[in-house]
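Welcome! Here is a short guided look at one protein model, for anyone meeting it for the first time.

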Amino acid sequence: MFLHDRLVGTVSPDQRDRSRVVLEVDPGYEGGAVLLSEAFATLPGRRPPVESVTNFLGGYVPEGNHREKMAAKRRIDPGDLFALLNEFGGSIAGAVTLRRPDETTTGQPSYEELSDRALDSVLTQALSDSDQGIPDDSRSTLPGYQPKVLVAAFDGQWLYPHGRAPSTHILKPQVPARPARLFDEYYGHLLARHIDLAQFSSLIRKAGRTTYLAIERFDREIVDGQVRLRHQEDLAQALGLDWRDTDVKFQEPDWPTDPRRATARRIGELLGSIPGGDNAVEGWLRQLTFHVAIGNNDAHAKNVALMHLTAGTELSQVYDALPNLFADGLINWNLALAVDGVFDHRRMSVERIAAEARSWAVMAPARAEAIIAETLPALAGALDAVQPPEGCSAGLAEHLSWSVQRLLAGAEISEPKRR
């Protein structure tokens, strides 16, 4: 296992349980300016807790149906973490890479140019197979459920990564059963960028007959023609949540205090424990306010992340934030994480968000109220300034304006009239 290009140690399977792995930290590893994880320490020559290492590395592998489909293609057990890392750990989120012994000094990453026709074929394959459309020799993956394709962009050309070659972009094809979702997500990007909660670029494009959303990865950057990794750890990993259970990233309404699951409070408390974490806590409150206001019911622990950089640890940009609760085909009104003990989005208010922030006990109440009071008018301004992309869910902009104006008025959001 490498962090950037520094050897951390050797990963091996737990002989008693194939869903677990063991990390032997290299005796020569002295850490560095970039932290590996908030979940455990890496002492030279030592073996960190197996459970902590397992849930950290397991947090990088595919989830749900993607894990099942991709494991089947490689003829491995989807519950065998070492096998998953062996197949897909060459290029994952952040700056950790898992390299086979023959890859430590050889096997340089390579890329293949993708024509428009070839890209259409790969996107179609990701849709039909409900996975990530990777080539047979790829060692790349990302968590998540939505079909996606990982590519790199150099000089305006899409390239297909082979081996452990890192990607720079995520391409999400339009799902025929939910055609508006792609445009709703893009609208969320535009709003987040307008109020400076995100800086990555994104664009709706087309390859052949397939419409897709191209998203720049903020854990990658191109320097002197080379892809440079930026280390990322999501909050499910930092909290040590069980990688085998894809539901623990959500809070359970029937058992909201379940210690195995994430909560907004646990996230706030962890961020408050980071050295110099005041900015991270404030950033989480801004993001939480944004999620509530736009009706994002997918703001779970894997959609919040830390960036471990040479200058220290900070909260990542907001990502995967889209207005699900105002989209067509609404399932229910529950949020992924309760706010002040309440899941129902219709009962959200400024006071409830402020009460949630107070429960973290890591920031002054007056500062929390100020952050909420700054975020909502900024979002109202974004809704006035940003034109919704054609193809969004019907009435989406009006529903979002309703939500924000109700919050600004000090009322509960309640339920807007639907067309």
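How do the residues of the lining of the second largest pocket divide into nonpolar, polar and charged? This is a predicted model, and in it that lining is made up of 8 nonpolar, 9 polar and 6 charged residues.

The pocket itself has a volume of about 560 Å³. It is lined by 23 residues, and those closest to its centre are D5, P166, V227, R228 and L229. Strand 13 (226-229) and strand 15 are the elements that each give two or more residues to this lining, and strand 13 gives the most, with 4 residues.

Strand 15 also leads us to a sheet. Three strands form this open sheet in the order 14-15-16, with antiparallel pairing. Strand 14 and strand 16 each have a single partner strand and stand at the edges, so one side of each has no neighbour in the sheet. On average, neighbouring strands here are turned by 25° against each other, direction ignored. Here are the strands with their residues:

| Strand | Residues |
|---|---|
| Strand 14 | 231-234 |
| Strand 15 | 305-309 |
| Strand 16 | 312-315 |

Strands 14 and 15 pair over 4 bridges, and D234 has A305 in strand 15 as its bridge partner.

Finally, let's visit M363, in the loop between helix 9 (350-360) and helix 10 (365-385). M363 counts as buried because its relative accessibility is 15%, and buried means under 20%. Beyond its neighbours within four places in sequence, M363 is in contact with V281, E282, L285, A368 and I371. Along the chain, M363 and E282 are 81 residues apart, yet their C-alpha atoms are separated by 8.2 Å.

Conventions: Residues numbered from 1 in each chain as written. Predicted model: local features only at pLDDT ≥ 70, side-chain atom pairs only at ≥ 80, totals over all residues. Heavy atoms only, no water. Buried < 20%, exposed > 50% of the residue type's maximum accessible area, 1.4 Å probe, protein only. Contact = heavy atoms within 4.5 Å. Pairing = 2+ DSSP bridges. Axes fitted to C-alpha atoms, helices over the stretch in contact; angles between N-to-C directions. 1 Å grid on protein atoms, 1.4 Å probe; cavity = no way out; pocket = protein on both sides within 12 Å on 5 of 7 lines; lining within 4 Å. Points joined across faces, edges and corners; volume = space filled by probe spheres on them. Nonpolar A, V, L, I, M, F, W, Y, C, P; charged D, E, K, R; others polar.
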